[in-house]
Amino acid sequence: MTLYYSLVFLLLVAEMTLFMLLIIPLPFTIRRKMFTFISESPLVAKLQYGMKITFIFILILFIDSVNRVYRVQIELAESNKQQGAAVLGHERMEVQARKFYSQRNMYLCGFTLFLSLILNRTYTMILDVLRLEEKVKKYEGDPKATGKQADKLANAGNAGEIGKLKNQLAEKDRDIETLKKQAAGLSREYNDLSDKYGATNPDSTPKKDR
C-alpha cells in the first residue's frame with residue numbers, strides 16, 4: 001500500500017472513531033459542551049477547511065481507482081482470449097493481483113468519502129436534537145436553559161467561512177443602526193437649534209419677493 005493510500009486508511013479509522021464518539025450516549029450537559037466547543041473552536045474550523053481539501057484529493061484518488069479497475073477488467077478479458085496455458089496462467093495471476101489492489105483502493109476511497117457525508121449529516125442531526133431539547137427545557141421553565149450555554153448552543157454550527165460571513169453581516173447591520181441613530185440625533189439637534197435661533201431672531205426669517 002502506497003503512502004497516500006495509507007493516509008486514506010488512517011483517515012478512515014479516524015472517521016470511524018469520531019462516528020463512535022458521536023453516537024455514544026452521553027448526558028445532555030456533556031454533549032452540549034462538546035458541540036459548543038466544536039462550533040466555537042477556531043482550530044476545529046481550520047481543521048474542517050483542511051479536511052475539505054483532503055476529501056477533494058481523495059475524490060480524485062477514487063476516480064483514478066475506478067478507472068484502474070475498469071482497465072484491469074478489460075485487460076483480464078483480453079488475457080482470457082490469448083492462447084497458451086502457461087503464459088495465460090502467469091499473466092492471469094498478475095492481472096488478478098492488480099485487480100485486487102485496484103478494487104481495494106476503490107473501496108477504501110469510496111468508504112472514506114461516504115463516511116464523511118454520514119458524519120456531516122449525523123453532526124447536523126444531533127445538533128438539531130440538542131436545540132430541540134434546549135427549547136423543551138426552556139418551555140418547562142428550566143433556569144439552566146436560558147444561560148450562556150443555551151445561547152452558544154443556539155449559535156452552534158456557524159463555525160468556518162459561513163459563520164464569519166454571518167458575523168460580518170451582523171456587524172454591518174449594527175453599524176447601519178448606529179449611523180441611523182446618529183443621523184436622527186443630528187437631525188433633532190439641528191431642528192432644535194433652528195427653532196431656537198428662529199425664536200431669538202424673528203426678523204431673520206427670509207421674506208418672499210413681491
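**Exercise 1. An annotated span**

How far apart do the end C-alpha atoms of residues 105-130 lie, and what percentage of the span is helix?

*Solution.* Keep in mind as you work that this is a predicted model. Start with the record: the UniProt annotation "transmembrane region", from an unreviewed entry, covers residues 6-28, 49-70 and 105-130. Next, take the ends of residues 105-130, whose C-alpha atoms lie 37 Å apart. Finally, check the secondary structure of that span, which is 100% helix and 0% strand. For residues 6-28, the end C-alpha atoms also lie 37 Å apart, and the span is 83% helix and 0% strand.

**Exercise 2. The chain as a whole**

Describe the fold of the chain in terms of its elements, its burial and its contacts.

*Solution.* Begin with the elements: there are six helices and zero strands. Read from the N terminus, their order is α-α-α-α-α-α. Then turn to burial, where 22% of the 210 residues are buried. The accessible surface comes to about 16,100 Å², and carbon and sulfur atoms account for 64% of it. Last come the contacts: of those between residues at least 6 apart in sequence, 75% join residues at least 24 apart.

**Exercise 3. The two sides of H1**

Work out which residues of helix H1 are buried and how they are arranged around the helix axis.

*Solution.* First, get the dimensions. H1 takes in residues 3-23, a run of 21 residues. From first C-alpha to last it reaches 31 Å, close to the 30 Å expected at 1.5 Å a residue. Second, list the buried positions: Tyr5, Val8, Leu11, Leu12, Glu15 and Leu22. Third, look down the axis: the buried residues of H1 fall within an arc of 105°, so they line one face of the helix. A general point helps here: an α-helix has 3.6 residues a turn, so residues three or four places apart point the same way. Fourth, turn to the face away from the buried side, which carries the exposed residues Leu3 and Leu10.

**Exercise 4. The same analysis for H2**

Compare the span of helix H2 with its expected value, then assign its buried and exposed residues.

*Solution.* H2 covers residues 28-40, and its 13 residues should span 18 Å at 1.5 Å a residue. The end C-alpha atoms are 18 Å apart, which agrees. The buried residues of H2 are Phe28, Arg31, Arg32, Phe35, Thr36 and Ser39. Viewed along the axis of H2, these lie within an arc of 135°, so they line one face of the helix. Lys33 and Phe37 are exposed on the other side.

**Exercise 5. A tyrosine pair**

Classify the ring pair of tyrosine 4 and tyrosine 5, and say how accessible each residue is.

*Solution.* The chain has two aromatic pairs. One of them joins tyrosine 4 and tyrosine 5, with ring centres 4.9 Å apart and 50° between the planes. Planes under 30 degrees apart would be stacked and over 60 edge-to-face, so this pair is tilted. As for accessibility, tyrosine 4 is partly exposed at 44%, while tyrosine 5 is buried at 5%.

**Exercise 6. Two residues in their surroundings**

Place threonine 122 and tyrosine 70 in their helices, and decide for each whether it is buried or exposed.

*Solution.* Threonine 122 sits in helix H4, residues 85-139. Its relative accessible area is 15%, so threonine 122 is buried. Leaving aside residues up to four places away in sequence, threonine 122 touches Phe19 and Leu22. Leu22 has appeared before, among the buried residues of H1.

Tyrosine 70 belongs to helix H3, residues 42-81. With 54% relative accessibility, tyrosine 70 counts as exposed. Tyrosine 70 and serine 102 are 32 residues apart in sequence, and their C-alpha atoms are 9.2 Å apart in space.

Terms used: Residues numbered from 1 in each chain as written. Predicted model: local features only at pLDDT ≥ 70, side-chain atom pairs only at ≥ 80, totals over all residues. Heavy atoms only, no water. Helix = DSSP H or I, 4+ residues; strand = E, 2+ residues; numbered from the N terminus. Buried < 20%, exposed > 50% of the residue type's maximum accessible area, 1.4 Å probe, protein only. Contact = heavy atoms within 4.5 Å. Areas by Shrake-Rupley, 256 points an atom, 1.4 Å probe, with all protein chains shown as cover. Phe/Tyr/Trp six-rings, centres within 6.5 Å; stacked < 30°, edge-to-face > 60°. Expected span 1.5 Å × (residues − 1). Arc of directions from axis to C-beta. UniProt positions renumbered as here; feature names shortened; annotations may be inferred.
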